[in-house]
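Let's go through this one as a quick round of questions and answers. Have the model open while you read.

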Amino acid sequence: MDFELTDEQRIAQDATRRMVSQEIEPLIAGYDPDQPLPKDATRQLIQILAKQGLTTARLPEEAGGSALSALTVGLILEQLPPVAQWALGAQEVTIARIYRGSTPEQRARILPDLIAGNKITCTGTTEPDAGSDPRSIRTTAVEDGDHYIVNGTKMWVTNASVCDVMMVTTSVGRDENGLSRMMRIVIDKEESPFTTRKIPTLGLKSGHLGEATFVDCRVPKRNVLGETGDASRVLTETWIANRPFMGLYAVHLAQKAYDAALAFAGERVQFGRKIAGFQLVQELLANIATAITSSRLLCYYALSCIDRGERSNQISAMAKRYSLAACQRAISEAMEVHGAMGISTELGLERLYRDARMLPIPDGTNQILTLIEGREITGIPAYRA
Ligand SMILES: Cc1cc2nc3c(=O)[nH]c(=O)nc-3n(C[C@H](O)[C@H](O)[C@H](O)COP(=O)(O)OP(=O)(O)OC[C@H]3O[C@@H](n4cnc5c(N)ncnc54)[C@H](O)[C@@H]3O)c2cc1C
């Protein structure tokens, strides 16, 4: 077993760190991190990442993809600030989903603007009454000549409130078990107008988690992707890599909290000595370091399983569920090292805590991930009666 990164992976990490300090941090520095980043700045952010080939991370080389391994993409994502992780995450995965099952004409027409970051995109699956169970979606698509008429609401969609193009899962009827027969369709806001709004949230406030409402939205049939019924498979295939990616988003936050706690413990003096010298403070620091290292290794391992083409449903669910719990606890412990300063909004540690609290929900809640692990272990799916 080899725990060394390859030269290519180290170069990718270093190049990302340089891009963050030279291009991304100067771009976002002028904006309040607790306010949504304006659309123009979000677009510029995606364009910077696009130049590094990151919007095509999961496309095959012959389609202009950057041919990065899942592990290398994870190493890169881990270095990015949360606002970039989320804007890119939604953009990149939607491009990968649109690519799957689309025709050469659709790829040539839809993808170039998304890949370059000229248009912001996202995937709308969740609805007010359908979250963990996407097969219960109610957004309908009804045929009308050479169009579909789409009606419904999508909620909690990353990038929704600034998007130009959304890949939407719609229901075109029910199967014998009453579950939606899901069809994927690309809806371009300019061509087929729909309304969006940002949903205020506890964390990730600089992002654009939002809602989209489609009222008699006429969408050309040429925007239908793949085959009816392929949506669950396409979503699941992409969630498998997304889960360790999100584990690494948590590692990024916990690492920031750890760096701050270690520095603080080395400076703060109580009872006539630096608090870093107290055994119980050392225990907090040791706990945080253990959480970061174990989470990081588990996510890297899950991504390397994906790269080897192994069935990775269990390890990917495990990596997300474990890392998010471990890193959330680690951030809380880093706040504890800071005493009252830990909860000060001036310091910003509490923002890491708020951001981390958002992560266990998308792409499989803790409960759903537990059940995926259980299904992989026992062979018995437990989430549907
Ligand atoms: C930061 C963030 C980004 C997101 N981005 C997107 C996006 O880009 N696109 C998109 O479509 N959606 C997105 N979502 C939505 C996300 O996918 C859903 O919120 C998630 O699937 C859970 O759905 P829900 O919130 O409706 O909760 P529900 O599914 O209603 O779950 C409520 C509770 O019941 C539990 N539960 C549900 N079913 C079971 C079961 N069978 N067994 C045990 N417990 C169960 C859940 O674990 C949870 O604790 C995002 C959400 C967040 C927070």
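What follows covers the ligand site, one strand and two backbone angles.

This is a predicted model, where local features need pLDDT of at least 70, side-chain atom pairs count only at pLDDT 80 or more, and totals for chains, interfaces and linings use all residues. Residues are numbered from 1 along each chain as its sequence is written, and side-chain values use heavy atoms, with hydrogens and water left out.

Q: How many residues surround the ligand?
A: Here a residue is near the ligand if one of its heavy atoms lies within 4 Å of it. T126, S132, W156, T365 and Q367 are the closest ones. The full count around the ligand is 19 residues.

Q: Which residue has a polar side-chain atom 2.7 Å from a nitrogen atom of the ligand?
A: Polar contacts are pairs of N or O atoms within 3.5 Å. Two backbone cases come in at 2.8 Å: a polar backbone atom of T125 with a ligand oxygen, and one of W156 with a ligand nitrogen. The side-chain case at 2.7 Å belongs to T126.

Q: Which helix gives the most to the shell around the ligand?
A: Helices (H or I, at least four residues) and strands (E, at least two) are DSSP runs, numbered from the N terminus. β1 (121-124), β3 (147-157) and α10 (366-378) each supply at least two shell residues. With 3 residues, the top contributor is α10.

Q: Is β3 largely enclosed or open?
A: Call a residue buried under 20% relative accessible area, exposed over 50% and partly exposed in between (1.4 Å probe, protein chains only). In β3, 8 of the 11 residues are buried, so the rest of the structure leaves this strand largely enclosed.  The word for β3 is enclosed.

Q: How many bridges join β3 to β7?
A: Strands pair if DSSP finds at least two bridges between them. β2 (residues 140-144) pairs with β3 in the antiparallel sense over 5 bridges, with D144 opposite H147. H147 also stands opposite P220 in β7. β3 and β7 run antiparallel too, and their bridges number 8.

Q: What is the phi of A67 near?
A: Most residues other than glycine have a negative phi. A67 sits in the loop between α2 (39-51) and α3 (70-79), and is partly exposed at 44% relative accessibility. Its phi is positive, near 55°.

Q: Which strand holds D216?
A: D216 is another residue other than glycine with a positive phi, near 45°. D216 is exposed, at 51% relative accessible area. The strand, residues 210-220, is β7.

Notes:
Polar contact = N/O pair within 3.5 Å; in protein donor to acceptor, adjacent residues only side chain to side chain.
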